[in-house]
Amino acid sequence: LKRRPALMATLALAAAPLALAAVKPGLEGAQELFRKNHWDEARAHLRAQWSTLPQKDQGAATFLIGRSYVREAELYRALRRVGAEVGLAYMGELTAAKLSRGVAWIPLFTGFYQLEAGKDREAERSLLAVQSQKTVPPEWKASAQLRRAVALYHLGRGPEAAAALQEPGPEARLCRLLATGVAEAPATPPKGRRESLAAAAVLFRAGRASDAERLLAGLDLDAPDAEDASDPKKILRFHDPLLSAAWERICWERAVVSLKPLAMGGVGIEKALAAYYAGLSLFHLGALADAAKLLGDAGPALGPELQPTARLLVAAASWRDKPPAAAELTSLWDATRGQPDAVLVWEELAAGRDPKTEPFASKLDARLKELWLSADEGPSGALIGAWGLARLKRGDDPAVILAALSVHRDASNKNKLEWNDPLLLLALSTANYRDQQYAQSLETLFEMSKALPGLRSLQWNLQGIYAARQTAGGEARISQ
Amino acid sequence: VRAVVFLVVCSSALAAEPPASKSLAGISREVVVRNVTATTDQNEWNPRFSPDGRYLSFERRDGSAQAIYVLDVDTTGAPAVRISSQPPRGPASAEQALLGAAPVDGSFNSQIAFYADGRFVFVGNGGTGTYHLYEGRLGGPPPKAVTADSKEDGHPALSPDGRWLAYVSARGGLGRLILRDLTIGAERSLTSGAKVDLYPVWSPDSRAIAYTSGDNDNHDVFLIPDVSAAVPAPRQLTTWKYDDLRPTFSPDGTLLAFYSNYSPTNEEKEWSIVTVPADGSGPSKGAALAKLAVAVNIVKDPEMGPAWLPWGHVIAYARNLKAEWNPISLVDVDTREELRLETHTRMNHDLACSPKGLLAFRAQVASWDDIFVADLRGAH
């Protein structure tokens, strides 16, 4: 019995994140953690030492906290896209499997993933069909109705969606925010993990960041949302992609909360960079006017690597209300040549099917292919990863992309998050998945999940595909 | 009966005693090892010693660079000196500076060879796609490229007397051995065959070079007995079907040891260490050469070749026994006597031995590789 405390202490030490082993105090330690992609630990490190942080370091420390949220948001945005593709494929496998045909969750989550993947027409049909399924619980039928309303809104059938989106609950309010951009705090308090995430995403946008943070304390991002245990040998778990959307928004919101004060009250390059990343975050949150204002303010003081991107984002933020003239588009297109960040923003705009980018759709492919030829410095792992994911989204040969990405992977620390950017690892994992190298894809995700929450749904769905498509996949297991 | 029992007991006791080999005698099975890198989240590999054994180098992935680090093993706690072919620069952008990003170094650096006076030569690419040899001095200014006009250079080997630099260059399209006379800077090709020549290594008297030559299917060991001859005449020391890699000279220069995928059990993936007379008088193939395999089923280390201890004819190697974490053994080539060392380290490989009898090797701690050293001098 006496040994137990010692044993527990040893186990606790063994479980402690490696990166914390020898962290320097103050800003320097946080910067090291940030460079090693331990973003949450970097923030915790700074917050724990804030009272002793020298005044001169506080601007840089604030920027680091905000920038780490931006990095997270970028990663979870990319994860959502990959997750939608893989989730939909897994639902397809389950639908095709005889044993799973009676499981009511499959058509429901198929509809959810169709919506997440931007397949609004299919989603609308699937989610309507769910209403007639007797085995789907009423609360999930309500969820299906809300998601169908979002799909209808995307399809330009807003009036049909209006009634559902007026519901007062947290999920309805989040769906309304996603569809219309209107943030209205839920009228009923959230019950449980799912509603708390949904409510937090809305509360942030409604300007109640502290209330949102209170809801997020200790929330498990990896828990499944539904389970089918009708076959005890093969439990099926389902993760709701709406929560991934909520989490991505929460990361962008946290970035805005952290960076906006620095953008308004800071000085010099700290102010400019804070304004740029706060503006970028607001752009992704759909708050376009606020985004344009901050990005416009940041522009002149930014370095040449970010100025073209800021200019493009400012322009794109105004396109909804004021379509750009052809000359403006051409000028923007020419000004962003050879700027990797800006090229990837063009790709985002094109992927979002923004009709304004149509004239450049064919040229964009060539720009993406030659992206690194004009770069003076070696590109960062984050840019390489974003580039790889964009190429894969365009349907490029995964083997070719895998080879290109592998050049930038740290060969001696293959999957280590400390030495490989998470976006690069995600791109490698996605390329492996597309190339049907499921074990390698899962291995990379497993390493990432040691430091990053919220990957379980992707792991679970991918493992299900592996098991369905390859006999040996049945042996692949992840800890649930 | 008592006499027989006594003899059996005595012989058993003798078996546990230090080996009869003079070269192995005095070396303790239980060795004290020291982790000289001990990083919690980085791998280190390829340990190499300077000719006087004072400096120990290793390589480490460092951001987007692969850098060489040099430790003074005589000074406990001295920080390692970082060596790179890319000159120090500031952060790439204002944002990088604000985030405290280290100066960007995207270069690849490897294969250091030391002069006797603290200078060194290594392979680097300066952050570009072309590999050259760089020269520098410990504590000196940033290293400079010394083979700037060639295409791809590597595997530098400095002669023990400091007069010659041998290296491999692909400037003609195929890897060839180049010899530079360091006293006048003149260069000439040592080889001109149709296959790729790699891994040159000097004899202790600075007269001969052994190397590997071959293609993707097979490599053999070659010897140039006298590099100063007007027309170098390489001699092929192995001609069999097996892959033979990375020859190294014994400290007295009489033997050459190399890795071979010859295996007495015909296991394709098993490697052995084979030794042959360094004057080329030994067998080049068949059962006669197979008999010269002094250690079988070993972990090969293509970066450095078999590690000779500085006395006798003893080679240190890691046995390919994953269940036992690849234990390290010593073999006396003359007597074939073995001594297994208990290092209590895991997945040992990349062995190198200093002229002072320090053994350096790479082993795993948690899931990361560190560099360890052990003092084998004992009675020597």
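**Figure 1. Overview of chain A in the predicted model.** Of the 480 residues that make up chain A, 52% count as buried. The secondary structure of the chain comes to 23 helices and two strands. Among the contacts in chain A with a separation of 6 or more, 58% are accounted for by residues 24 or more positions apart. The chain exposes about 21,400 Å², and carbon and sulfur atoms supply 55% of that area.

**Figure 2. Close-up of helices H11 and H12 of chain A, whose axes come within 12 Å.** Two packed helices are described by the angle between their axes and the distance between the axes. Here H11 covers residues 209-216 and H12 covers residues 241-265, and their axes cross at roughly 135 degrees. H11(A) is therefore oblique to H12(A), because an angle over 145 would be needed to count as roughly antiparallel, and one of 65 to 115 to count as roughly perpendicular. The crossing of H11(A) past H12(A) is left-handed.

**Figure 3. Residues at the contact of H11(A) with H12(A).** From H11(A), the residues taking part are A:Ala209, A:Glu213 and A:Leu216. They meet A:Trp247, A:Ile250, A:Arg254 and A:Val257 of H12(A). Sorted by class, this contact has five nonpolar residues, two charged residues and no polar ones.

**Figure 4. Surroundings of A:Trp140 in helix H7 of chain A.** Helix H7, in which A:Trp140 lies, spans residues 138-154. The relative accessible area of A:Trp140 is 7%, so the residue is buried, the cut-off being under 20%. Leaving aside neighbours within four places in sequence, A:Trp140 is in contact with the aromatic residues A:Trp105, A:Phe109 and A:Phe112, and with A:Leu108. A:Arg194, A:Asp225 and A:Asp240 are also in contact with A:Trp140. A:Val130 lies 10 residues from A:Trp140 in sequence, and the two are 9.3 Å apart in space, C-alpha to C-alpha.

**Figure 5. Surroundings of A:Glu447 in helix H22 of chain A.** The helix that holds A:Glu447 runs over residues 438-449. A:Glu447 has a relative accessibility of 17% and therefore counts as buried, as this value is under 20%. When residues up to four places away in sequence are not counted, A:Glu447 touches A:Asn415 and A:Lys416.

How values were computed
Residues are numbered from 1 along each chain as its sequence is written. Chains are lettered from A and ligands numbered from 1 in the order in which they are written. This is a predicted model: local features need pLDDT of at least 70, side-chain atom pairs count only at pLDDT 80 or more; totals for chains, interfaces and linings use all residues. Side-chain values use heavy atoms; hydrogens and water are left out. Axes are lines fitted to C-alpha atoms, for helices over the stretch in contact, and angles run from 0 to 180 degrees between N-to-C directions. Helices (H or I, at least four residues) and strands (E, at least two) are DSSP runs, numbered from the N terminus. Angles under 35 degrees count as roughly parallel, over 145 as roughly antiparallel, 65 to 115 as roughly perpendicular and the rest as oblique. A crossing is left-handed if the near helix is turned anticlockwise from the far one by less than a right angle, and right-handed if clockwise. Contact means heavy atoms within 4.5 Å. Ala, Val, Leu, Ile, Met, Phe, Trp, Tyr, Cys and Pro count as nonpolar, Asp, Glu, Lys and Arg as charged, and the others, Gly among them, as polar. Buried means under 20% relative accessible area, exposed over 50%, partly exposed in between (1.4 Å probe, protein chains only). Accessible areas come from the Shrake-Rupley method with a 1.4 Å probe; for residues, only the protein chains shown count as cover.
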